[in-house]
Amino acid sequence: MTVEPHRLALQRAPAARETRHRVATWLRANMVLLLIVPTLVFLGCFLVAPYLNMLVMSFRNPSTTSVFAPGYTVANYGKALTDPYYLGVLAQTIEFGIVTTAICATIGYPVAYHLARTRSRFKGLLYVGILSPLLVGVVVRCYGWIILLANNGLINNGVKKLGLFPHGLMLMYNAFGVGVGLVHVFLPFMILPILSSIQSIDPALEEAAQSLGASRTRVMLRVVIPLSLPGIQAGSILVFVLTISAYVIPILLGALKIKIMPTLVIQLLIDAFLWPFGAALAFILAASGAAVVYIFIRVTGRLMKGLT
Amino acid sequence: MTMRAVKLRTAAGRALFLGFVAAAYCFLLLPLVIVVLASFNAGELLTFPPQGFSLRWYTHFFNSKPFMDSLFLSLRLAATAMIISTLLGTGAALYVVRFAGKWRDRLRLLIVAPLLLPEILSAIALLFFFYSIGLGKTVGALVVGHVLITLPFVFLAVSSVLYNFDTSLEEAARSLGANRFTTFRRVTLPIIKPGVISGGLLAFIVSFDLFAVSLLLKGIGMETLPIQLFDYVAWDFDPTAAAVSTVSIVITLIIVMLMEKTVGLRSLRF
């Protein structure tokens, strides 16, 4: 009687075969893990680790000869939170964020409403009109505003030629120029979420309200706007967060005359090499931004109660 | 109020509304139009009326070594980031939507985190990190930064397609004898293709325009096009920058048209 070779092997090393079999089944069952593991490794190395490292950096001792000295301290946070200069810059940053968000909502809402309800055959083109500025680099868009707003730019040229303001207008290197740039660059981020929330409102609701005698204004205020609050909320958070961390726009249109946190932090990191202090300031900005967003969500959440 | 007055008021309100909307579109598109016009203008500065048509700023651009080097660096960087992000993002989306189970929401949040965190903060974190592991100011660091920012776009585009995916199609293929790999290749992949393409192309555009990450992570001689343009615009006003901008707008436009042709812009969902 002959014994088949693999039977023999089975008898000889049952434990080893058992393990190999178990590993093989586990692998086959968990092959799909191969889909996610590369991404997890990548994000672990280049997202989680760097943020933890930055948190540690913000507690390191400053040094004049190297980027940091041995030992840990909370003095970086203490300095940032007590010095009126840094608090002033922080306040101005938050103010820019809130004002830009409010202006974007005011301009963006009518545009989103129009696009959601229009039956024009140019609807696709209008959609591209909103999307395309988003896809063009922020430096290019700022450059467009520089051509328009500079002291010898298009608008000032025209104004002088018409003899309106012989000395020209100061349209750039001030809060106005930076504001125009911020609103322009972030407006699409307000329009798109509002657009999708209005599109999900049944137009029959508006017709019903109107046929029951409500005026257009009343329909807007009592039906459409309350139902699209989730879109306004999402858009506002996006615009606010993007504004308080904007770097290119304040530099190109404000030329360091407008002091806000991102430009200050980069200056400290790149020119002054104050890494621990810069890291602490960056975290304070992030925490303040998160606090504003949290309050905003709580307030708007109360307004949206009973909506869903 | 008479009926007539009411109608007049409604018409006036409607005209006001449409006028406002039209003004907003003008505001959105004005700087882009101005940049393109300035690039074709013969004069040193864009004045009104324009001083005639000229291509001299384009000649200036194409003869400028720094600008051309930056252009090719940006194109190569965007292509590399696009390929890596598409591979990582597509796999991650497949896993998160189909197999993650109770981990789905947590993983989703982790993968889109680079989009929710301010770009400047992530850039600073990466700068410190690469410096501390001794890889600061290398091309590798630049590529990693670009992949980190573009990955969520691919992930979101692919997973939005997967959520609307009828899994019975796969079951049918399996029950007809196809193995897992064949099912994936012949059924799953063709269905998620629009998401993969639009996500990948979006990743290319985002990387091509990325600024803060490049500014902090670049080494010497690694000026991407947006950085080169930024440096130029901060000091010079001559319309070479307009020619550079127009070329970069055209490149973006080509990608957008490619997207529209293959999968349709409507498949872009945020």
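**Figure 1. In this predicted model, helix α10(A) passes α11(A) in a right-handed crossing.** This close-up takes in residues 203-211 of chain A, which form α10, and residues 216-227 of chain A, which form α11. If you're wondering what to read off a view like this, two packed helices are described by the angle between their axes and the distance between the axes. Here the angle comes to about 140°, and the axes sit 10 Å apart.

**Figure 2. A closer look at the residues where α10(A) and α11(A) meet.** Which residues does α10(A) bring to the meeting with α11(A)? They are A:Leu205, A:Glu206, A:Ala209 and A:Gln210. Facing them from α11(A) are A:Val219, A:Val223 and A:Val224. Sorted by class, this helix-helix contact has five nonpolar residues, plus one polar and one charged.

**Figure 3. Chain A, with its 15 helices and two strands.** Chain A has a radius of gyration of 29 Å, while a compact globule of 308 residues would come in near 19 Å. Along the principal axes, the C-alpha atoms of the chain fill a box of roughly 115 × 70 × 40 Å. How much of chain A counts as buried? The share is 39% of its 308 residues. As for who touches whom, take the chain A contacts between residues at least 6 apart in sequence: 71% of them join residues at least 24 apart.

**Figure 4. Where chain B touches chain A.** On the chain B side, 59 residues are in contact with 57 residues of chain A. Plenty of helices pitch in, with α1 (3-39), α3 (65-98), α8 (180-209) and α11 (240-262) of chain B among those that each supply at least two residues to this side. The top contributor is α1(B), with 15 residues. Split by class, the side of chain B that touches chain A has 49 nonpolar residues, eight polar ones and just two charged ones.

**Figure 5. Inside the largest nonpolar core, around B:Ile124.** In soluble globular proteins, nonpolar side chains tend to be buried together. The largest nonpolar core in this model has 160 residues, and A:Val248 and B:Ile124 are the ones with the most contacts inside it. Helix α3(B) chips in the largest share of this core, 15 residues. Which residues does B:Ile124 touch, leaving aside those up to four places away in sequence? From chain A there are A:Met54, A:Leu269 and A:Ala282, and from chain B there is B:Leu216.

Terms used
Residues are numbered from 1 along each chain as its sequence is written. Chains are lettered from A and ligands numbered from 1 in the order in which they are written. This is a predicted model: local features need pLDDT of at least 70, side-chain atom pairs count only at pLDDT 80 or more; totals for chains, interfaces and linings use all residues. Two residues are in contact if their C-beta atoms, placed from the backbone, lie within 7 Å. Helices (H or I, at least four residues) and strands (E, at least two) are DSSP runs, numbered from the N terminus. Ala, Val, Leu, Ile, Met, Phe, Trp, Tyr, Cys and Pro count as nonpolar, Asp, Glu, Lys and Arg as charged, and the others, Gly among them, as polar. The radius of gyration is taken over C-alpha atoms; the globule rule is 2.2 Å times the number of residues to the power 0.38. A residue is buried if 20 or more other C-beta atoms lie within 10 Å of its own, exposed if 12 or fewer, and partly exposed in between; C-beta atoms are placed from the backbone. Axes are lines fitted to C-alpha atoms, for helices over the stretch in contact, and angles run from 0 to 180 degrees between N-to-C directions. A crossing is left-handed if the near helix is turned anticlockwise from the far one by less than a right angle, and right-handed if clockwise. A nonpolar core is a set of buried Ala, Val, Leu, Ile, Met, Phe, Trp, Tyr and Cys residues joined through C-beta atoms within 7 Å.
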